[in-house]
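Take a moment to look over the sequence and the model below, and then follow the chain from its overall outline to its interior.

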Amino acid sequence: MGRIELSVYTPHYVPTGTEIAVIETSKGTVRVELFGREVPVTVGNFVELAAKDFYDNLKFHAKKPGSVVLGGCPTTRSMGPAQVLAAAQGVIRGMHPGTGDARYTIIDEWEGNPRNVHRLGSLCMAHKSAPNSGSCQFYFSLGEQPEFDDQYTVFGQVTEGLEVIENLAIGDAIKTVAIEGADEEALRAYRVSLKHL
């Protein structure tokens, strides 16, 4: 069987540069300033996914202390915390957290982005090994990691809740993602367009 090539998606939502993501997790609330002016495709995609409740009830499925904590994989939606942990450890066969996507990819935007610096609390787009293969999975950087600056798009910075991201563990849930400061008229139009698909 051949590999399915996903289309490269350009979000309809154009960031204003004032968007703040409020990520409610099972460990507490994280507020993130989004870099909409610097990386409009990545932020536009994240805002659209949040607007359609894509992230609700997904779990964090990987953590490397001092490095990253990773979430946003849709295969974790129907899994409980213990299942996610067991699957991540390879105990459960047939469940592969970290392999899901939004049925499309987006372009990388790390090159030329002056704010593309991995530090504690950076919000970054995860992707596969191929260029332009990010989709919906994201990670929080748990420290300074300059070796990632020319590989992964940094699209936000935690302004409140650093202790929350440091305490996140495999299996912890993303309850909701809300966007403050968004262009509400544009988001309403986007939601209406979803109903006609």
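When residues 24 or more positions apart are considered, they account for 73% of the contacts in the protein with a separation of 6 or more. This picture comes from a predicted model, in which the protein has four helices and nine strands. Read from the N terminus on, these elements follow the order β-β-α-β-β-β-α-β-β-β-α-β-α.

We can next consider the overall dimensions. The C-alpha trace of the protein spans about 45 × 40 × 30 Å along its principal axes. A compact globule with 197 residues would have a radius of gyration near 16 Å, and because the protein has 16 Å, its value agrees with that expectation.

From the outline we turn to the surface and to what lies beneath it. The protein exposes about 9,800 Å², of which carbon and sulfur atoms supply 53%, while 49% of its 197 residues count as buried. As for charge, the protein carries 18 positive and 24 negative charges, and the mean positions of these two groups are 8 Å apart.

Which residues have the most contacts inside the largest nonpolar core? This core has 48 residues, and those with the most contacts inside it are Leu34, Phe46, Tyr55 and Phe140. Helix α1, which covers residues 40-51, contributes the largest share of this core, namely seven residues. Tyr55 lets us follow the contacts of a single residue: leaving aside residues up to four places away in sequence, Tyr55 touches Phe46, Leu49, Ala50, Gly72, Cys136, Phe138, Ile174 and Val177.

Key. Residues numbered from 1 in each chain as written. Predicted model: local features only at pLDDT ≥ 70, side-chain atom pairs only at ≥ 80, totals over all residues. Heavy atoms only, no water. Helix = DSSP H or I, 4+ residues; strand = E, 2+ residues; numbered from the N terminus. Rg over C-alpha atoms; globule rule 2.2 N^0.38 Å. Buried < 20%, exposed > 50% of the residue type's maximum accessible area, 1.4 Å probe, protein only. Contact = heavy atoms within 4.5 Å. Areas by Shrake-Rupley, 256 points an atom, 1.4 Å probe, with all protein chains shown as cover. Lys, Arg positive; Asp, Glu negative; His and termini not counted. Charge placed at Lys NZ, Arg CZ, Asp CG, Glu CD. Core = buried A, V, L, I, M, F, W, Y, C linked by side-chain atoms within 4.5 Å.
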